[in-house]
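Trainee: I should like to learn how to read a protein model, step by step. May we begin with the whole and then turn to its parts?

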Amino acid sequence: MSERTIEFRYAVEQDVPLILAFIRELADYEKMLDQVVATEDTLLEWLFVKEKAEVIIGEYNGEAVGFALYFHNFSTFLGRAGIYLEDLYVQPTVRGKGFGKAFLKRLAEIAVERGCGRLEWWCLDWNRQSIDFYLAMGAEPMEDWTVYRIAGDTLVDLAR
């Protein structure tokens with residue numbers, strides 16, 4: 001394996017502790033660690049029992065160094081599915097080796113293999129380094145759109 005090679009594999013149930021560790025590392029970087037309520041049990045249920053999302057693990061020199069968690073969404077305008085990238089994380093010790101680009105390339109390959117019409121994600125407005133990276137990859141910001149969310153007690157109340 002060359003110095004700049006990352007290998008990808010689909011996560012398996014035994015990776016749940018690793019996935020949760022990566023989620024916590026990402027949340028800490030995003031200054032949102034206090035918002036992580038996911039547990040190994042919830043990840044096991046939603047990723048591997050209910051199969052509502054998928055994870056690829058990136059390995060460098062045989063060690064896991066990052067992950068991407070994604071799921072299918074659907075575009076009514078395109079009339080087909082897309083891939084929504086919920087989280088992409090590469091550990092700080094291996095950043096700058098092209099692994100972020102390799103993750104996006106792998107996700108693009110998965111999207112094309114599955115006949116998807118697009119790959120999309122959100123990025124925090126303050127994360128200029130990531131924004132610049134995405135723009136350099138050819139990503140287009142969706143400036144005319146605002147994300148809305150209903151969660152927690154508000155979601156439960158609405159469902160009543």
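Trainee: How much area does the protein expose, and what share of it do carbon and sulfur atoms supply?

Mentor: Please keep in mind that this is a predicted model. The protein exposes about 10,700 Å², and 54% of that area is supplied by carbon and sulfur atoms.

Trainee: What percentage of the residues count as buried?

Mentor: A residue counts as buried when its relative accessible area is under 20%. Of the 160 residues here, 31% count as buried.

Trainee: How does the radius of gyration of the protein agree with that of a compact globule?

Mentor: One compares the value with what a compact globule of that length would have. For 160 residues this would be near 15 Å, and the protein has 16 Å, which agrees. Along the principal axes, the C-alpha atoms fill a box of roughly 55 × 35 × 30 Å.

Trainee: Which pattern do the helices and strands follow along the sequence?

Mentor: There are five helices and five strands. Read along the sequence, they follow the pattern β-α-α-β-β-β-α-β-α-α.

Trainee: In what order do the strands lie in the sheet?

Mentor: To read a sheet, one follows which strand pairs with which. In this case five strands form an open sheet with the order β1-β2-β3-β4-β5, and the pairing is mixed. At the edges are β1 (7–10) and β5 (119–121), each of which pairs on one side only. From one strand to the next, the twist averages 35°.

Trainee: In which sense do β3 and β4 pair, and over how many bridges?

Mentor: Strand β3 (residues 63–75) and strand β4 (residues 80–90) pair in the antiparallel sense, over 10 bridges. As one example to locate, Asn73 has Gly82 in β4 as its bridge partner.

Trainee: Which helix lies across the strands of the sheet?

Mentor: That is helix α3 (residues 99–113), which lies across β1, β2 (54–60), β3, β4 and β5. Helix α3 runs at about 160° to β4.

Trainee: Why are α1 and α2 described as roughly perpendicular to each other?

Mentor: One considers the angle between the two axes. Those of α1 (residues 16–29) and α2 (residues 40–49) cross at roughly 110° and come within 9 Å. Angles of 65 to 115 degrees count as roughly perpendicular, and α1 and α2 are therefore described in that way.

Trainee: Which residues of α1 and α2 meet?

Mentor: From α1 come Val16, Pro17, Ile19, Leu20 and Ile23. They meet Glu40, Leu43, Leu44, Leu47 and Phe48 of α2.

Technical notes
Residues numbered from 1 in each chain as written. Predicted model: local features only at pLDDT ≥ 70, side-chain atom pairs only at ≥ 80, totals over all residues. Heavy atoms only, no water. Pairing = 2+ DSSP bridges. Helix = DSSP H or I, 4+ residues; strand = E, 2+ residues; numbered from the N terminus. Axes fitted to C-alpha atoms, helices over the stretch in contact; angles between N-to-C directions. Contact = heavy atoms within 4.5 Å. Rg over C-alpha atoms; globule rule 2.2 N^0.38 Å. Buried < 20%, exposed > 50% of the residue type's maximum accessible area, 1.4 Å probe, protein only. Areas by Shrake-Rupley, 256 points an atom, 1.4 Å probe, with all protein chains shown as cover. Parallel < 35°, antiparallel > 145°, perpendicular 65-115°, else oblique.
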